[in-house]
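Colleague: Could you take a close look at one part of this model for me? I'd like to hear about the aromatic residues and how they sit in the fold.

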Amino acid sequence: MQFSLLPDDGGGPAFANSQLQSADPGRWPVHPSWQAVTDPFFSGAVGQGLLAFLRQRLAAGAVIFPPQPMRALELTPLKSVRVVILGQDPYHGRGQAEGLAFSVAPGVAVPPSLRNIFKELAREPLALDSCFLMTQGSLLSWASRGVLLLNTCLTVEEGKPASHARRGWETLTDAAISAVSGAPGRVIFMLWGAHAQSKRTLIDETRHTVLCANHPSPLSALRPPVPFIGCGHFSEANRILSEE
């Protein structure tokens with residue numbers, strides 16, 4: 001597997017102007033390999049509480065993104081995960097979020113953190129199939145090649161970052177991280193920033209590789225202790241994967 005700057009057509013129309021329509025997990029497809037994680041969550045007390053909260057916010061007229069909260073678990077089967085990149089919560093601008101951490105729907109302007117991710121890719125020749133002017137910010141092709149792009153909170157309200165934090169999603173995504181850690185095979189976890197690194201306790205580091213750096217946000221990408229720009233994570237991941 002190689003990380004690449006090759007443009008992606010998103011596999012279909014952009015999610016512009018799309019938003020969550022229903023608090024019904026039956027309408028949020030996941031790959032069958034994840035159902036042992038998702039089904040107990042939504043049938044349990046925390047999952048039921050989360051769904052009640054989402055129903056209440058929708059009834060109040062809240063605009064919630066993305067339209068498919070669990071798209072990362074739909075596109076990347078558990079058995080296919082080779083790399084995990086953790087985000088915090090979805091983009092809160094209309095038409096941006098497509099259910100994958102750091103990724104935006106095709107045709108949407110590339111946000112600053114994702115621009116820095118592409119900058120880091122561009123300076124790592126071992127990480128690229130091809131490097132040229134980026135035209136889109138969708139990372140759908142990564143998800144289809146074994147990169148689990150997982151936000152720890154899976155919904156957000158328009159213009160209100162972290163508005164759905166600590167409402168229950170973290171219980172589900174912690175379980176997903178633990179499932180990856182417990183599955184056969186070696187996985188590379190890229191933990192960028194303090195929030196992602198707080199999940200390190202869920203990972204069996206005797207079996208998996210954990211790469212840590214600052215968050216790619218312009219506020220921290222160049223700062224110590226481990227600047228994101230220059231971290232070399234993509235080249236290191238490809239080196240490890242090429243040896244397997």
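Modeller: Sure, here is a walk through the aromatic residues and their surroundings, starting with the overall fold.

Keep in mind that this is a predicted model. The chain has eight helices and six strands, and along the sequence they run α-α-β-α-β-α-α-β-β-α-β-α-β-α. Of its 244 residues, 54% are buried. If you take contacts between residues at least 6 apart in sequence, 72% of them join residues at least 24 apart.

Now to the core. The largest nonpolar core holds 74 residues, and Trp34 and Trp169 are the ones touching the most other members. Helix α6, residues 169-182, gives the most to this core, with six residues.

So who sits around Trp169? Setting aside neighbours within four places in sequence, its contacts are Trp28, Phe42, Leu50, Leu54, Pro69, Met70, Thr152, Cys153, Leu154, Thr155 and His164.

Phe42 on that list deserves a second look. The structure holds eight aromatic pairs, and Phe42 with Trp169 is one of them: an edge-to-face pair, 6.2 Å centre to centre, with 90° between the planes. Phe42 belongs to helix α1 (residues 35-43) and Trp169 to α6, so the pair ties together parts that lie 127 residues apart in sequence. Both Phe42 and Trp169 are buried.

For another pair, go to Trp192 and Phe228. Their ring centres are 4.9 Å apart and the planes stand at 75°, so this pair is edge-to-face. Distant parts of the chain are linked here too: Trp192 is in strand β5 (residues 188-192), while Phe228 is in the loop between β6 (209-213) and α8 (233-242), 36 residues apart. Trp192 is buried, as is Phe228. The two also belong to a cluster, in which ring pairs link Phe102, Trp142, Trp192, Phe228 and Phe234.

Phe234 takes us into α8. Seven of the ten residues of α8 are buried, so the helix is largely enclosed by the rest of the structure. The buried ones are His233, Phe234, Ser235, Ala237, Asn238, Ile240 and Leu241. What covers them includes β2 (83-87), α4 (112-122), α5 (140-143), β5 and β6. Trp192, from the ring cluster, lies in β5.

Back to Phe42 and its helix. The axes of α1 and helix α2 (residues 45-59) are 4 Å apart and cross at an angle of about 70°, which makes α1 roughly perpendicular to α2. On the α1 side, Phe41, Phe42 and Ser43 take part, and they meet Ala45, Val46, Gly47, Gln48, Leu50 and Leu51 of α2. Sorted by class, the contact has six nonpolar residues, three polar ones and no charged ones. Two names here also turned up around Trp169: Phe42 and Leu50 are both among its contacts.

One last stop on α2, away from the rings: Gln56 is found in this helix. With 43% relative accessibility, Gln56 counts as partly exposed. Gln56 and Ala23 are 33 residues apart in sequence, and their C-alpha atoms are 9.3 Å apart in space.

To pull the aromatic part together: Phe42 and Trp169 tie α1 to α6, and Trp192 and Phe228 link β5 to the loop between β6 and α8.

Terms used:
Residues numbered from 1 in each chain as written. Predicted model: local features only at pLDDT ≥ 70, side-chain atom pairs only at ≥ 80, totals over all residues. Heavy atoms only, no water. Core = buried A, V, L, I, M, F, W, Y, C linked by side-chain atoms within 4.5 Å. Buried < 20%, exposed > 50% of the residue type's maximum accessible area, 1.4 Å probe, protein only. Helix = DSSP H or I, 4+ residues; strand = E, 2+ residues; numbered from the N terminus. Contact = heavy atoms within 4.5 Å. Phe/Tyr/Trp six-rings, centres within 6.5 Å; stacked < 30°, edge-to-face > 60°. Axes fitted to C-alpha atoms, helices over the stretch in contact; angles between N-to-C directions. Parallel < 35°, antiparallel > 145°, perpendicular 65-115°, else oblique. Nonpolar A, V, L, I, M, F, W, Y, C, P; charged D, E, K, R; others polar.
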